[in-house]
Amino acid sequence: MNRFEILKKNKWRYISFIIGFLLLVSPFALLIRLEFWITGNLAEPSIHYACLRMPIGWIFRGAVNYLISRPEMTAFIIGVLGLSLFLGPIFCGWLCPVGAVSEAISRIIPLPNKFRIHIKDTNITSALRYGFFAGYITIYILIGLKLSGDWIGSICCRFCASTILQNLAAGIFGWLLPTYGSIEYWGTASIIVLISWLIIGGIFTYGGRGWCLFFCPLGAFSNLLYKVGAKLGFYRITYNKDKCSHCKKCNLVCPMWAIKSDHSVETALCINCKECVNICPTGALTMKWGKENATK
Ligand code: SF4
Ligand code: SF4
């Protein structure tokens, strides 16, 4: 299957990414605009009002008052995490503009794969990913126990890829629509994130999802819930070894390095993007509901 055929097979996913951008990123931010219109909020909408990282911190520091005072953000995080349990991390795989942009950059820039980071052992990738996630939630548990100040949490905001994406959009659309805004807030942290997210995590990482794999707490939390949901028999990817021809095409298309050496899928990494299902020539990989053995 050539590059064009892969694009064609996955066209709904790429269309969905464009919809995700229009829903969340200003100057469009259509979802936030709708919410502001309903609630009568006169603020300028942007991706920050749909922040999915801060509520995870609030959950782990036990800040119920924050969750109550920002009901729209609480509803959004419950929706995304609930979907992850029942349908897998489809926000990550089908809507998230941060992951979509870095994945797109990786596909557009034809860097030879030998120059790209690619850890093939899913145990190592999972250990690195969840080690970072454990560090992240530890910070918020310490804040909740009053063993650390709030200022540590605000560092996370400085090193946020959503902020960089929103600022890039502000720069590009501010240039096209001078009344909208301009590129701003560029400092050391922004440049570090830009390099980590788009250059190292996008161009120099196989699949372009380096940021998602190692630094996104929402992605890690969503995948943990997916792992639980898959064990309970909710919607998940399944592998039938009897049908597999060991062609390794699934390994080559997976942006999350989630295919194990035996070609079964590590649900702690998989974002249910269906790229492997669409490329598998024998139908060994399928999406299923039900209690049937997930590893068969
Ligand atoms: S295992 Fe398949 S569905 Fe999961 S992330 Fe990889 S390509 Fe996408
Ligand atoms: S693409 Fe399908 S047949 Fe090929 S290795 Fe993967 S699961 Fe097996």
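This is a guided tour of a predicted model, with suggestions for what to select at each stop.

**Stop 1: the largest nonpolar core**

Start by selecting Phe91, Val98, Trp197 and Leu218. Within the largest nonpolar core, which has 35 residues, these four touch the most other members. As background, nonpolar side chains in soluble globular proteins tend to be buried together.

Which elements give two or more residues to this core? Colour α3 (30-39), α6 (71-87), α9 (122-144), α11 (161-176), α12 (188-203) and α14 (217-232) to see them. The top contributor is α9, with 6 residues.

Now zoom in on Val98. Setting aside neighbours within four places in sequence, Val98 is in contact with Ala161, Ser162, Leu165, Trp197 and Trp211. Then look for another core, apart from the one you have just visited: this second core has 30 residues, and Cys212, Met256, Cys273 and Leu285 are among them.

**Stop 2: α14 and two helix partners**

Keep α14 on screen and show α9 with it. How do the axes of α9 and α14 cross? They come within 10 Å of each other, at an angle of roughly 110°. Because angles of 65 to 115 degrees count as roughly perpendicular, α9 is roughly perpendicular to α14.

To view the contact itself, select Arg129, Tyr130, Phe133 and Tyr136 in α9, then Pro217, Gly219, Ala220, Phe221, Asn223 and Leu224 in α14, which they meet. Sorted by class, this contact of α9 with α14 has 7 nonpolar, 2 polar and 1 charged residues.

Next, swap α9 for α6. The axes of α6 and α14 come within 7 Å and cross at roughly 40°, so these two helices are oblique to each other. On the α6 side, select Ile77, Val80, Leu81, Ser84 and Leu85; they meet Leu218, Phe221, Ser222, Leu225, Tyr226, Val228 and Gly229 in α14. The contact of α6 with α14 has 9 nonpolar and 3 polar residues, and no charged ones.

**Stop 3: the two ligands**

Select ligand 1 and show what surrounds it. Its shell is made of Ile237, Cys254, Pro255, Ala258, Ile259, Val265, Cys270, Ile271, Asn272, Cys273, Lys274 and Cys276. By class, the shell around ligand 1 divides into 10 nonpolar, 1 polar and 1 charged. You may recognise Cys273, one of the residues in the core of 30.

Move on to ligand 2, which has 14 residues around it. Which of them come nearest? Select Cys244, Cys247, Lys248, Cys250 and Cys280 to find out. The shell around ligand 2 has 8 nonpolar, 4 polar and 2 charged residues.

**Stop 4: unusual backbone spots**

A little background helps here: most residues other than glycine have a negative phi, and most peptide bonds are trans.

Select His246, in the loop between β1 (236-239) and α15 (249-253). His246 is not a glycine, yet its phi is positive, near 60°. With a relative accessible area of 48%, His246 is partly exposed.

Trp257 comes next, in the loop between α15 and α16 (275-279). Trp257 also has a positive phi, of about 55°, without being a glycine. Is Trp257 buried or exposed? At 4% relative accessibility, Trp257 is buried.

For a peptide bond to inspect, select Ser26 and Pro27. The bond joining them is cis, with omega at about 15°. Pro27 sits in the loop between α2 (11-24) and α3.

**Stop 5: three loop residues**

Stay with Ser26 and add Ser46, which lies in the loop between α3 and α4 (54-61). Ser46 has a relative accessible area of 11%, so it is buried. Beyond its neighbours within four places in sequence, Ser46 is in contact with Leu24, Ser26, Ala29, Ile32 and Gln166.

Select Thr205, in the loop between α12 and α13 (210-215). Thr205 is buried, at 3% relative accessibility. Its contacts, leaving out neighbours within four places in sequence, are Ser106, Arg116, Ile117, Ile200, Gly210 and Trp257. Try a distance too: the C-alpha atoms of Thr205 and Glu103 are 9.4 Å apart, although 102 residues separate the pair along the chain.

Finish at Gly187, in the loop between α11 and α12. Gly187 is partly exposed, at 29% relative accessibility. Its C-alpha atom is separated by 9.4 Å from that of Arg158, 29 residues apart along the chain.

Technical notes. Residues numbered from 1 in each chain as written. Chains lettered and ligands numbered in written order. Predicted model: local features only at pLDDT ≥ 70, side-chain atom pairs only at ≥ 80, totals over all residues. Heavy atoms only, no water. Core = buried A, V, L, I, M, F, W, Y, C linked by side-chain atoms within 4.5 Å. Buried < 20%, exposed > 50% of the residue type's maximum accessible area, 1.4 Å probe, protein only. Helix = DSSP H or I, 4+ residues; strand = E, 2+ residues; numbered from the N terminus. Contact = heavy atoms within 4.5 Å. Near = heavy atom within 4 Å. Nonpolar A, V, L, I, M, F, W, Y, C, P; charged D, E, K, R; others polar. Axes fitted to C-alpha atoms, helices over the stretch in contact; angles between N-to-C directions. Parallel < 35°, antiparallel > 145°, perpendicular 65-115°, else oblique.
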